[in-house]
Amino acid sequence: MTLKNKSEEIEPYLNGRCIFLVGMMGSGKTTVGRILSSALGYSFFDSDTLVEQATGVTSVAEIFNLHGEGFFRDNETEVLRKLSLMHRLVVSTGGGAVIRSINWKYMQKGISVWLDVPLEALARRIAAVGTKSRPLLHQESGDAYTKTVRRLSTLLEERSEAYANANARVSLENIAAKLGYRDVCNLTPAVIAIEALIQIESFLKK
Ligand SMILES: Nc1ncnc2c1ncn2[C@@H]1O[C@H](COP(=O)(O)OP(=O)(O)O)[C@@H](O)[C@H]1O
Ligand SMILES: O=C(O)C1=C[C@@H](OP(=O)(O)O)[C@@H](O)[C@H](O)C1
Ligand SMILES: [Mg+2]
């Protein structure tokens with residue numbers, strides 16, 4: 001099945017509702033979100049980028065540095081509020097957007113999808129690019145992989161219940177099992193986007 005076919009099949013049933021991707025840092029929200037939006041003919045927004053634009057600061061790391069996490073979260077909430085008033089968007093949220101219940105009120109205007117990726121895969125992906133752009137992971141000492149695993153496991157413990165609020169769950173472990181792959185790292189963003197559409201479809205049928 002191609003991504004384009006599945007998108008065309010599902011798109012009429014969305015009735016223009018936005019799709020909000022949630023999940024841990026490194027789960028692929030930004031990467032998969034772009035692909036999904038183009039397949040559906042939806043516009044794409046990344047909430048981190050919109051917060052950067054709204055604050056006039058060049059990076060999320062710099063916003064944390066200059067103004068602290070609370071300021072970033074307030075802006076993130078305002079960005080989600082504005083996006084919730086729009087239609088035909090795929091929105092990739094930041095990994096921490098799920099911790100405020102007000103953000104869920106906004107995301108519930110659309111359909112939320114949790115990209116559930118095993119911790120080791122998250123850490124491998126993030127270590128490959130470094131933690132510089134992800135301030136919540138950058139403070140620990142040690143090599144990129146070790147500090148990422150340590151911090152991500154604490155965050156995952158704090159947040160997994162919140163991610164489970166999403167309307168649909170895309171489990172990379174389940175996709176790998178279905179396709180007979182041993183490692184989730186073999187799953188391409190397009191395959192993950194197709195699974196997202198399958199899970200959205202099953203949510204819509206409920
Ligand atoms: N399916 C995938 N397979 C391999 N690498 C991926 C995949 N999806 C994302 N990545 C890589 O993982 C890193 C994190 O992806 P990103 O989309 O920025 O995640 P998020 O927005 O959830 O933090 C990026 O370097 C990206 O290129
Ligand atoms: O998990 C988090 O709290 C965060 C995730 C980041 O987005 P990504 O999930 O796209 O990396 C970004 O919003 C910020 O660094 C905080
Ligand atoms: Mg992102």
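1. In this predicted model, strand β1 is joined to strand β3, residues 89-92, by three bridges, and the two strands run in the parallel sense. Within that pairing, I19 has V90 of β3 standing opposite. On pairing with β4, strand β1, which spans residues 19-22, forms four bridges to residues 111-116, again in the parallel sense. There, V22 stands opposite W114 in β4.

2. The pairing continues from β4 to strand β5, residues 168-171, through four bridges, and these two strands run parallel. Two facing pairs can be located by eye in the structure: W114 stands opposite R169 in β5, and L115 stands opposite V170 in β5. W114 therefore serves as a useful landmark, since W114 is opposite V22 on the pairing of β1 with β4 and opposite R169 on the pairing with β5.3. Taken as a whole, the sheet is open and has five strands in the order β2-β3-β1-β4-β5, with parallel pairing. Strands β2, residues 43-46, and β5 stand at the edges and have a single partner strand each, so that one side of each is left without a neighbour in the sheet. On average, and with direction ignored, neighbouring strands of this sheet are turned by 20 degrees against each other.

4. What are the covered and uncovered faces of β5? The covered face of this strand consists of A168 and V170, whereas R169 and S171 make up the uncovered one. Read together with the pairing to β4, this places L115 opposite V170, a residue of the covered face, and W114 opposite R169, a residue of the uncovered face.

5. Helix α3 lies across strands β2 and β3, and runs at about 70 degrees to β2. The helix, residues 47-55, also packs with helix α5, residues 69-83, at an angle of about 110 degrees and with the two axes 9 Å apart. That angle makes α3 roughly perpendicular to α5. By class, the contact between these helices has six nonpolar, three polar and one charged residues. On the side of α3 the residues are S47, L50, V51, A54 and T55, and they meet F72, N75, E76, V79 and L80 in α5.

6. Ligand 1 has 15 residues around it, of which G28, K29, T30, T31 and R125 come nearest. Two or more residues of this shell are given by each of α2 (29-40), α7 (119-129) and α11 (189-205). Helix α2 gives the most, with three residues. By class, the shell around ligand 1 has five nonpolar, eight polar and two charged residues.

7. Which residues surround ligand 2? They are M25, K29, T30, D48, V60, G94, G95, G96, R134, P135 and L136. Helices α2 and α8, the latter spanning residues 135-138, each supply at least two residues of this shell. By class, the surroundings of ligand 2 comprise four nonpolar, four polar and three charged residues. A colleague inspecting the two sites may wish to look at K29 and T30, which are among the residues that come nearest to ligand 1 and are also listed around ligand 2.

8. Two loop residues deserve a look at their backbone. Most residues other than glycine have a negative phi. N15, however, has a phi near 50 degrees, a positive value in a residue other than glycine. This residue lies in the loop between α1 (3-14) and β1, and N15 is exposed, with 9 other C-beta atoms within 10 Å.

9. The second case is R88, which has a positive phi of about 55 degrees although it is not a glycine. R88 lies in the loop between α5 and β3. Is R88 exposed or partly exposed? With 17 other C-beta atoms within 10 Å, R88 is partly exposed, whereas N15, with 9 such atoms, is exposed.

10. A last point concerns E158, which lies in helix α9, residues 144-163. E158 is exposed, with 11 other C-beta atoms within 10 Å. In sequence, E158 and A61 are 97 residues apart, and in space they are 21 Å apart, C-alpha to C-alpha.

How values were computed
Residues numbered from 1 in each chain as written. Chains lettered and ligands numbered in written order. Predicted model: local features only at pLDDT ≥ 70, side-chain atom pairs only at ≥ 80, totals over all residues. Near = placed C-beta within 6 Å. Nonpolar A, V, L, I, M, F, W, Y, C, P; charged D, E, K, R; others polar. Axes fitted to C-alpha atoms, helices over the stretch in contact; angles between N-to-C directions. Parallel < 35°, antiparallel > 145°, perpendicular 65-115°, else oblique. Contact = placed C-beta atoms within 7 Å. Pairing = 2+ DSSP bridges. Buried ≥ 20, exposed ≤ 12 C-beta atoms within 10 Å, placed from the backbone.
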